[in-house]
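These are my notebook entries on one structure, set down in the order in which I looked things up. The sequence and the model come before the entries.

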Amino acid sequence: MTLAKFTETENIKGILERIEPLKTKRFSDTFDADGHQYVDLVQEGGGVLGIALIGYTYVLESAGIRFFSLAGTSAGAINTLMLASLGKINETKSEKVLTILSEKNLFDLVDGDKSIKKLIQKAIKKENGWALSLVWNALKIYRILKSKFGLNPGNDFENWITEILKKEKIFTLKDLEDLRQIVPALHDETGQPLEAKPRLAIITSDISTCTKVEFPKMKSLYWKNPDQENPAKLVRASMSIPYFFEPYEVSDLPNAGQAHDPKWDEFARYTGKVPEKVKFVDGGMLSNFPINVFHRSDHKLPKRPTFGARLSAYRDEASDTSSFLKMSGAMISTMRQIHDYDFLLKNPDYKKLICRIDADQDFNWLDFNMTEEDKIKLFERGATKAIEFLETFDWEDYKKQRAKEQN
């Protein structure tokens with residue numbers, strides 16, 4: 001699969017034509033000398049549906065928008081790290097991400113037992129005989145889950161991300177943070193210089209201490225020399241889909257065994273003994289769409305908006321709870337989303353900042369063996385929703401609503 005298969009379809013060509021008049025539209029009050037406008041970006045998790053996020057960022061970059069601070073969970077964390085590491089803040093990266101995607105067989109990420117891998121794909125595609133295959137492999141699945149807590153090690157994913165970073169000469173968190181600090185001279189709408197430091201927020205769930213973790217902010221809780229750790233570890237922790245992938249484990253924590261560590265109290269409100277090791281699962285278990293991460297509570301109007309890209313439907317229908325499995329799924333979905341919904345309920349102005357891609361309505365988020373045709377459709381879905389969002393977004397109107405709600 002090549003880059004051109006994504007970017008040279010008739011749909012994308014039509015979208016790019018619609019972008020031209022938007023290049024002079026105001027989306028932010030933060031600019032660089034080349035006229036780029038800057039926004040903060042939060043991306044939702046959603047497995048392979050993350051391909052749609054690339055379509056979204058591709059269109060925004062084509063319109064002259066650049067991403068200052070970046071945040072994401074799971075699939076959103078993967079794209080967040082890509083955007084943070086594949087170039088300087090003022091450079092476009094979405095085509096690089098697409099090139100990387102086009103060269104990767106995503107089904108390789110499902111790196112567990114081969115027979116279980118085939119079963120997973122049969123179940124996702126609802127092929128004949130998948131239920132019988134499940135019964136046949138039930139004992140094997142039980143043994144794997146009992147010993148590993150996940151069907152797939154996730155090693156292929158971590159190695160893949162590590163190799164991508166190496167090509168960019170990023171081996172450690174310090175390397176990544178050094179790159180992130182290369183910021184062009186910025187100014188506001190009046191021409192006044194702006195001083196700001198970009199943030200990076202990758203969300204994961206530490207189930208050992210029941211902590212919602214934001215990396216790299218909380219890196220010192222888990223590693224003795226955090227600046228020397230591989231950034232790929234952060235997204236490996238964030239995308240650890242429970243039972244599908246093995247939990248990501250970090251051992252030999254700083255101050256392990258200490259009865260009370262002030263840092264843990266400060267960052268996590270955890271007051272117990274520091275454990276020797278912890279396990280991480282998908283950040284979406286606690287915050288699948290961390291739209292609150294860059295929120296200002298000082299009642300000052302932001303100089304740039306926090307755009308959000310959602311992959312999931314926005315509670316348009318009630319969940320089906322007619323069976324045990326469906327009820328269990330509804331409970332998990334509620335747990336994954338309620339923290340983010342609560343923030344949006346208290347801050348309704350953010351509704352104007354969020355692009356609803358709703359990719360989960362037509363595609364399966366665990367279909368790592370997705371066809372090329374569906375990958376292109378997902379990319380186009382993200383691009384289509386992005387152009388619709390840009391055409392309707394009104395920065396001045398948003399600022400008026402934000403000011404009204406803060407008074």
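**Entry 1: Gly-150**

I began with Gly-150, which I located in strand β4, residues 150-152. The model is a predicted one, and I read every value below as computed from it. I then asked whether Gly-150 is buried or exposed. With a relative accessible area of 1%, Gly-150 is buried. I also looked up the separation between Gly-150 and Ile-161, which lie 11 residues apart along the chain. Their C-alpha atoms are 20 Å from each other.

**Entry 2: Strand β12 and its partners**

I turned next to strand β12, residues 306-310, and found five of its five residues buried. Which residues of β12 point which way? Thr-306, Gly-308 and Arg-310 point one way, while Phe-307 and Ala-309 point the other way, and all are buried. I noted the general rule beside this: side chains in a regular strand alternate between the two faces of the sheet.

I then looked for the strands paired with β12. Strand β2, residues 37-43, runs parallel to β12 and is joined to it by four bridges. Strand β13, residues 354-356, also pairs with β12 in the parallel sense, over three bridges. Ala-309 appears in both records of partners: Gln-43 stands opposite Ala-309, and in β13 the bridge partner of Ala-309 is Cys-355.

**Entry 3: Strand β11 and its partners**

For strand β11, residues 277-281, I found antiparallel pairing with strand β7, residues 200-206, over two bridges. Here Ser-205 stands opposite Val-281 of β11. Strand β10, residues 248-251, pairs with β11 in the antiparallel sense as well, over four bridges. In this pairing I recorded Ser-251 opposite Lys-277 of β11.

**Entry 4: Helix α15**

I checked the length of helix α15, residues 395-406. Its 12 residues reach 17 Å from the first C-alpha to the last, close to the expected 16 Å. Which residues of α15 are buried? I listed Trp-395, Tyr-398, Lys-399, Arg-402 and Gln-406. Seen down the axis of α15, these buried residues fall within an arc of 100°, so they line one face of the helix. The face turned away from that buried side carries Lys-400 and Lys-404, both exposed. At the start of α15, I found a side-chain oxygen of Asp-394 within 3.2 Å of the backbone nitrogen of Glu-396.

**Entry 5: Aromatic rings**

I then went through the aromatic pairs, of which the count comes to 20. The ring centres of Phe-215 and Trp-223 are 5.4 Å apart and the planes meet at 40°, so I entered this pair as tilted. Phe-215 has 0% relative accessibility and counts as buried; Trp-223, at 8%, counts as buried too. For Phe-343 and Tyr-350 the centres are 5.1 Å apart and the planes lie at 75°, so the pair is edge-to-face. Both Phe-343 and Tyr-350 are buried.

Which residues form one aromatic cluster? I wrote down Phe-27, Phe-307, Phe-389, Phe-393, Trp-395 and Tyr-398. Three of these names were already in my entries: Phe-307 from β12, and Trp-395 and Tyr-398 from the buried residues of α15.

Finally, I looked up a charge over a ring. The charged end of Lys-117 sits over the ring of Phe-107, at 4.5 Å from the ring centre.

Terms used: Residues numbered from 1 in each chain as written. Predicted model: local features only at pLDDT ≥ 70, side-chain atom pairs only at ≥ 80, totals over all residues. Heavy atoms only, no water. Pairing = 2+ DSSP bridges. Expected span 1.5 Å × (residues − 1). Buried < 20%, exposed > 50% of the residue type's maximum accessible area, 1.4 Å probe, protein only. Arc of directions from axis to C-beta. Polar contact = N/O pair within 3.5 Å; in protein donor to acceptor, adjacent residues only side chain to side chain. Phe/Tyr/Trp six-rings, centres within 6.5 Å; stacked < 30°, edge-to-face > 60°. Lys NZ or Arg CZ within 6 Å of the ring centre and 35° of its normal.
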